[in-house]
Amino acid sequence: MGRTARLLVIVGATAVGKTAYSLDLAASLNGEVVSADSRYLYRGMNIGTAKPNADEMSRVSHHLIDVANPDDPWSLAKYKRAATHAIEDIQERGRLPLLVGGSGQYVVAILEGWNIPPKSENGVLRSQLQETLRKPGGLESLRRQLIVLDPESATTIDINNSRRVIRALEVCILTGRPFSAQRGKTPPPYDVFVLGLNMPRPKLYARIDERIDDMLRSGWVDEVHRLVKRGYGWNLPAMSALGYTQIGEHLRGEIDLVEATRRIKAASRRLVRRQTSWFKSHFRNIHWYTVGEGALEVMKSDITAWGRRPRSGD
């Protein structure tokens, strides 16, 4: 194997400040950002995803943002191929790639080099699993089924993500083998520094509430309405993103905007807890930083020290 290439990774819970820190670090480190946020892939979903705006993206080059329409869902395998290509392209041009985002499975798939099984297609089985999901307690029923068929996947995938649970069950049932047994790993030749952002929970919750209020004032409801008017259905995976589901309930007249806002804020808190648990259980050798005054300089110092270490092939 040749000379190991460096990869800087920035993870953290929603609203903790990943975008701001990644911009400062990329600008000072001759870097480019590769998004690891599943919501950033889709065009027209800007306000509710807190996607970097045009001014922010003009500061440094960004990859895997606005690359698909909402009715063109990206699989984990498709994301991994595109992200790997972007990372290697940045490295070949002598720049530092920064893999940045809160979609933990995206990041782990890159860092561990997951070999993702080909998609198994069976419309009847998919319909049956989705029908189970729609019933009261449906997701819990699917989780229990996955635990029986593939205990390892039940502990490694996001068990609260119904699409990923159904995907794993499809592979198990159609192939007769556990999904995890088919997902081997080929570790990529990266020298990785994983930087995790932390914030005291009460402060983060207050920040989330304020951000959601700002999003709504900035036209989030209109954004969702425009997507629906353009023909994007509520059943699309992209439209099930946090907040878009609740605003959909409001637009369909099922709840008022006050209740939709309350549900978005509650779901955001649950997301924070899941993300934090995921990062702590799936990332080894992560360097945690509490965001705030002086944090950026400490990060830069530690990254500089990492950059001076000899690499494989040096």
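Two helices, H10 (201-217) and H13 (257-282), each give at least two residues to the lining of the largest cavity in this predicted model. Of the two, it is H10 that stands out, with the largest share of that lining at four residues. The cavity itself holds about 120 Å³ of space. Around its centre, the closest of the 13 lining residues are Thr14, Arg211, Ile212, Leu242 and Ser268. Sorted by class, the lining comes to seven nonpolar, four polar and two charged residues. As for how many such spaces there are, the structure has one cavity of 30 Å³ or more.

Then there are the pockets, which are open rather than closed off. The second largest pocket takes in about 310 Å³ of space. It is also lined by 13 residues, and Leu111, Val194, Phe283, Arg284 and Asn285 sit closest to its centre. Helix H4 (104-112) and strand E5 are the elements that put two or more residues into this lining. The class count here reads seven nonpolar, three polar and three charged residues.

Strand E5 turns up again among the salt bridges, of which the structure holds 22. One of them pairs arginine 6 with aspartate 191, and their closest N and O atoms are 2.3 Å apart. This pair ties together distant parts of the chain, as arginine 6 belongs to strand E1 (residues 5-12) and aspartate 191 to strand E5 (residues 190-198), with the two positions 185 residues apart. Are these two partners buried or exposed? Arginine 6 has a relative accessible area of 11%, so it counts as buried. Aspartate 191, at 10%, is buried too, because the cut-off for that label is under 20%.

A second long-range link involves helix H13, one of the helices that help line the largest cavity. Here the side chains of arginine 263 and glutamate 249 meet in a salt bridge, at 3.1 Å from N to O. Arginine 263 lies in H13 and glutamate 249 in helix H12 (residues 244-251), and the pair, 14 residues apart, again joins distant parts of the chain. The two ends get different labels: glutamate 249 has a relative accessibility of 17% and so counts as buried, whereas arginine 263, at 30%, is partly exposed because its value falls between the under 20% and over 50% cut-offs.

Two further cases round out the salt bridges. Arginine 39 pairs with aspartate 37, and the closest N and O atoms of this pair are 3.1 Å apart. Aspartate 37 has a relative accessibility of 8%, so it counts as buried. Elsewhere, salt bridges join up into a network that links Glu32, Asp89, Arg93 and Arg95.

Out on the surface, the picture turns to nonpolar side chains. Val148, Leu149 and Ile173 make up a nonpolar patch there, and together they have about 260 Å² of accessible area. Valine 148 has its place in helix H6 (residues 138-149). Why does valine 148 count as exposed? Its relative accessible area is 67%, and it is called exposed because that label applies over 50%.

Key
Residues numbered from 1 in each chain as written. Predicted model: local features only at pLDDT ≥ 70, side-chain atom pairs only at ≥ 80, totals over all residues. Heavy atoms only, no water. Patch = residues over 30% accessible without salt bridge, like charges linked within 9 Å, V, L, I, M, F, W, Y side chains within 5 Å. Areas by Shrake-Rupley, 256 points an atom, 1.4 Å probe, with all protein chains shown as cover. Salt bridge = Lys/Arg side-chain N within 4 Å of Asp/Glu carboxyl O. Buried < 20%, exposed > 50% of the residue type's maximum accessible area, 1.4 Å probe, protein only. 1 Å grid on protein atoms, 1.4 Å probe; cavity = no way out; pocket = protein on both sides within 12 Å on 5 of 7 lines; lining within 4 Å. Points joined across faces, edges and corners; volume = space filled by probe spheres on them. Nonpolar A, V, L, I, M, F, W, Y, C, P; charged D, E, K, R; others polar.
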